[in-house]
Amino acid sequence: MFNLIIFGPPGSGKGTQSANIAKKFGLIHLSTGELFRYEIENGTPVGNEANSYISKGQLVPDEITLRLLFKHASKHVNAPGIIFDGFPRTLNQAKLLDRMMDKKGLKIHLVIGIKVESDELVKRIKHRSRNSDRNDDTESVIYKRMEIYRQQTHPVMDYYRKQGKFETVSGMAPVETVFQRICKVIKKYKHNK
Ligand code: AMP
């Protein structure tokens, strides 16, 4: 298995890039945000509880997030690999993911952080908030999400940097160019696996 994680602030294009990577490399795309939105649309208890946090731009508590993620991840232990999009978002989630992978004899091979300058993020986010039907894509909630990303998710990158598996890619380019940059990094790591 080749397992990777994509990090990026709201507006960095990580969802789009993750979907493209999954398609090209035959990986299972697991987006915790998408899993939550599915639960919300279906009015499940998990969805209702998660929505009370998501609609305010807050992180869903680890216990709920991990239960949902592990339920889905465990279906794919025999897949060619998994791309984790939007997970982990806290240091605690990162440590628990490592523990879960370890128990199954698996590991995270590569973590990619997409970097986009703040001015560009703000521009993209304003555009996105006009065209999105997500209830957490209003301008004020997106700013809250950016703040949480800076405070809670950004530090998680150091955890992976110390493990020698963290790479950054500039997201300051059209989608296809960023995708090519990401592919180059993935190929290097897949080759050395
Ligand atoms: P995303 O689609 O990745 O932007 O996620 C949308 C929202 O879902 C986030 O703003 C959080 O409220 C929630 N969420 C997604 N992934 C996680 C996670 N790993 N931990 C906690 N909350 C999450």
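**Exercises on a predicted model with a bound ligand**

A polar atom of the Asn3 side chain lies 3.0 Å from the backbone nitrogen of Ile82. The model is predicted: local features need pLDDT of at least 70, side-chain atom pairs count only at pLDDT 80 or more, and totals for chains, interfaces and linings use all residues. Residues are numbered from 1 along each chain as its sequence is written, and side-chain values use heavy atoms, with hydrogens and water left out.

**Exercise 1.** State where Asn3 is found, whether Asn3 is buried or exposed, and which backbone oxygen its side chain reaches.

*Solution.*
- Step 1: Asn3 is found in the segment before β1 (4-7); strands (E, at least two residues) and helices (H or I, at least four) are DSSP runs, numbered from the N terminus.
- Step 2: Asn3 counts as buried because its relative accessibility is 0%; buried means under 20% relative accessible area, exposed over 50%, and partly exposed in between (1.4 Å probe, protein chains only).
- Step 3: Besides the backbone nitrogen of Ile82, the side chain of Asn3 reaches the backbone oxygen of Lys107 at 2.9 Å.

**Exercise 2.** Describe the residues around the ligand and their polar atoms close to the ligand.

*Solution.*
- Step 1: The ligand has 17 residues around it, of which Thr32, Gln58, Gly86, Arg89 and Gln93 come nearest; a residue is near a molecule if one of its heavy atoms lies within 4 Å of it.
- Step 2: The shell consists of five nonpolar, six polar and six charged residues. Here Ala, Val, Leu, Ile, Met, Phe, Trp, Tyr, Cys and Pro count as nonpolar, Asp, Glu, Lys and Arg as charged, and the others, Gly among them, as polar.
- Step 3: Helix α2 (residues 32-41) gives the most to this shell, with four residues.
- Step 4: A polar backbone atom of Gln58 is 2.6 Å from an oxygen atom of the ligand. A nitrogen atom of the ligand lies 3.0 Å from a backbone N or O atom of Gly86, and a polar side-chain atom of Arg89 lies 2.9 Å from a nitrogen atom of the ligand.

**Exercise 3.** Identify the form of the peptide bond from Phe87 to Pro88 and the place of Pro88.

*Solution.*
- Step 1: The bond is cis, with omega near 0°.
- Step 2: Most peptide bonds are trans.
- Step 3: Pro88 lies in the loop between β3 (82-85) and α5 (91-103).

**Exercise 4.** Locate Ile148 and give its C-alpha separation from Pro9.

*Solution.*
- Step 1: Ile148 belongs to helix α7 (residues 139-153).
- Step 2: Ile148 counts as buried, because its relative accessibility is 9%.
- Step 3: The C-alpha atoms of Ile148 and Pro9 are separated by 9.4 Å, although these residues are 139 residues apart along the chain.

Methods:
Polar contact = N/O pair within 3.5 Å; in protein donor to acceptor, adjacent residues only side chain to side chain.
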